[in-house]
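Trainee: I'd like a close look at one part of this model rather than a tour of everything. Could you take me through it slowly?

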Amino acid sequence: MVVLHVKKGEESQFLYETTVATPLDDVLKEVTAIYNGRLKVERICAEMEELADHGVTLPANMQGLTDEQIEELKLKDEWGERCVPSGGAVFNQDEIGRRNGQAPNDKMKEVLKKTVSEAKALISRKQVQANVQVTRQLVKDAMDQLRGATMIVYPMGLPPHDPIRMELEDKEELEGTQASLQVIPEEQASLWFSGKEMHRGKNLRDYVGKNEKTKIVAKIQKRGQGAPGREPVFTEEQKKEMMLHAYRKQEEMKKLAEDNEDAYMSSDWADTGKLKQDLHGIRNVSWRPR
């Protein structure tokens with residue numbers, strides 16, 4: 001199986017396993033789905049951490065308003081009254097006024113936080129170092145874990161305008177956000193290997209050869225952005241080792257330069273008397289009267 005170490009720019013993303021006979025259209029479809037799926041999991045995790053601390057999201061027309069302004073405008077959060085966490089709510093005001101402040105109790109909060117941690121671990125970039133491939137199924141498993149935790153803590157569900165519910169129902173609205181810049185639509189995706197774009201309509205073997213044990217670095221980006229930067233010849237770790245070696249060598253040369261040119265005369269091998277004693281086997285022999 002060929003292993004693709006997928007990167008976005010210089011950042012590692014995940015490992016993907018396939019065969020050299022796989023059409024590039026299929027590779028692009030899978031890689032893009034995994035890449036975007038990981039982004040979705042990360043977005044949900046970020047929102048669930050806020051959910052655990054400050055409760056569900058307020059309606060758009062109430063966000064950012066003070067209690068006085070809400071009362072003056074006679075606004076009411078009907079969904080907040082329905083969507084109560086299991087075991088009751090604990091008030092914890094959201095300083096930016098985005099959520100209603102009705103947070104889950106400590107036990108339910110721990111359910112959300114633990115699930116977020118586990119979901120992040122499944123799709124983490126650290127999986128590359130552990131040599132673990134990320135698949136669409138693995139991304140789905142992470143999503144299912146997050147969905148399950150939400151149902152446990154909020155059995156009545158989340159408001160339809162809550163970002164977590166919208167993400168889980170594939171109704172997220174990312175237009176105009178920073179997150180939208182990270183997402184790569186499948187039809188706009190391109191994969192690059194060794195400074196060359198791998199074109200649709202061909203097979204992977206057309207670029208990497210017939211060896212099924214190949215491992216390559218493939219960079220994903222939007223089409224039309226030009227060639228991504230080439231991989232550096234040395235890794236950061238190798239660069240550090242080379243700099244350390246050069247520093248030690250420099251220090252050794254500096255020490256040698258500071259030594260007196262005749263310093264070797266004090267060495268044992270430069271003493272002819274000691275050399276003669278060594279040859280006759282009488283060095284370090286002590287004499288004393290009987």
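Trainee: What volume does the largest pocket have?

Mentor: Bear in mind that this is a predicted model. The volume of the largest pocket comes to about 450 Å³. Its lining is made up of 22 residues, and the ones closest to the centre are Leu58, Asp67, Ile70, Arg99 and Asn100. If you want to place that lining on the fold, look at helix H2 (67-73) and helix H3 (78-82), the elements that give two or more residues to it. Sorted by class, the lining holds 7 nonpolar, 8 polar and 7 charged residues.

Now pick up Arg99, one of the residues closest to the pocket centre, and follow it to Thr57. The side chains of Thr57 and Arg99 are joined by a polar contact of 3.3 Å. Thr57 sits in the loop between helix H1 (24-54) and H2. Is this loop residue buried or exposed? Thr57 counts as buried, because its relative accessibility is 2%, under the 20% cut-off. There's a second side-chain link here too: a polar contact of 3.0 Å runs between Thr57 and Asp162. With neighbours within four places in sequence set aside, the contacts of Thr57 are Gln63, Arg98, Arg99, Pro159, His161, Asp162 and Pro163.

Arg99 also turns up when you step back into helix H1, where Leu51 lies. Leaving out neighbours within four places in sequence, Leu51 is in contact with Arg99, and also with Val56, Pro104, Leu112, Tyr154, Leu158 and Ile164. Leu51 counts as buried because its relative accessibility is 0%. For a sense of how the chain comes back on itself here, take Leu51 and Thr150: they're 99 residues apart along the chain, yet their C-alpha atoms are separated by 9.5 Å.

Stay on helix H1 and go to Thr32, which has its place there as well. Thr32 has a relative accessible area of 2%, so it is buried. Its contacts, again without the neighbours within four places in sequence, are Ile184, Pro185, Glu186, Ala189 and Ile220.

Back at the pocket, H2 and H3 both contribute to the lining, and the loop between them holds Lys74. Lys74 is worth a look for its backbone: phi is positive, about 60°, although the residue is not a glycine. Why is Lys74 called exposed? Because its relative accessible area is 74%, over the 50% cut-off. Asp170 makes a good partner for that story. Its phi is near 55°, again a positive value in a residue other than glycine, and you'll find Asp170 in the loop between helix H7 (163-168) and helix H8 (178-182). Asp170 counts as exposed because its relative accessibility is 57%.

To put all this in the setting of the chain: the secondary structure comes to 11 helices and 7 strands. Of the 290 residues, 33% count as buried, with Thr57, Leu51 and Thr32 among them. Of the contacts between residues at least 6 apart in sequence, 70% join residues at least 24 apart. The accessible surface of the chain is about 18,800 Å², and carbon and sulfur atoms account for 51% of that.

Key: Residues numbered from 1 in each chain as written. Predicted model: local features only at pLDDT ≥ 70, side-chain atom pairs only at ≥ 80, totals over all residues. Heavy atoms only, no water. 1 Å grid on protein atoms, 1.4 Å probe; cavity = no way out; pocket = protein on both sides within 12 Å on 5 of 7 lines; lining within 4 Å. Points joined across faces, edges and corners; volume = space filled by probe spheres on them. Helix = DSSP H or I, 4+ residues; strand = E, 2+ residues; numbered from the N terminus. Nonpolar A, V, L, I, M, F, W, Y, C, P; charged D, E, K, R; others polar. Buried < 20%, exposed > 50% of the residue type's maximum accessible area, 1.4 Å probe, protein only. Contact = heavy atoms within 4.5 Å. Areas by Shrake-Rupley, 256 points an atom, 1.4 Å probe, with all protein chains shown as cover. Polar contact = N/O pair within 3.5 Å; in protein donor to acceptor, adjacent residues only side chain to side chain.
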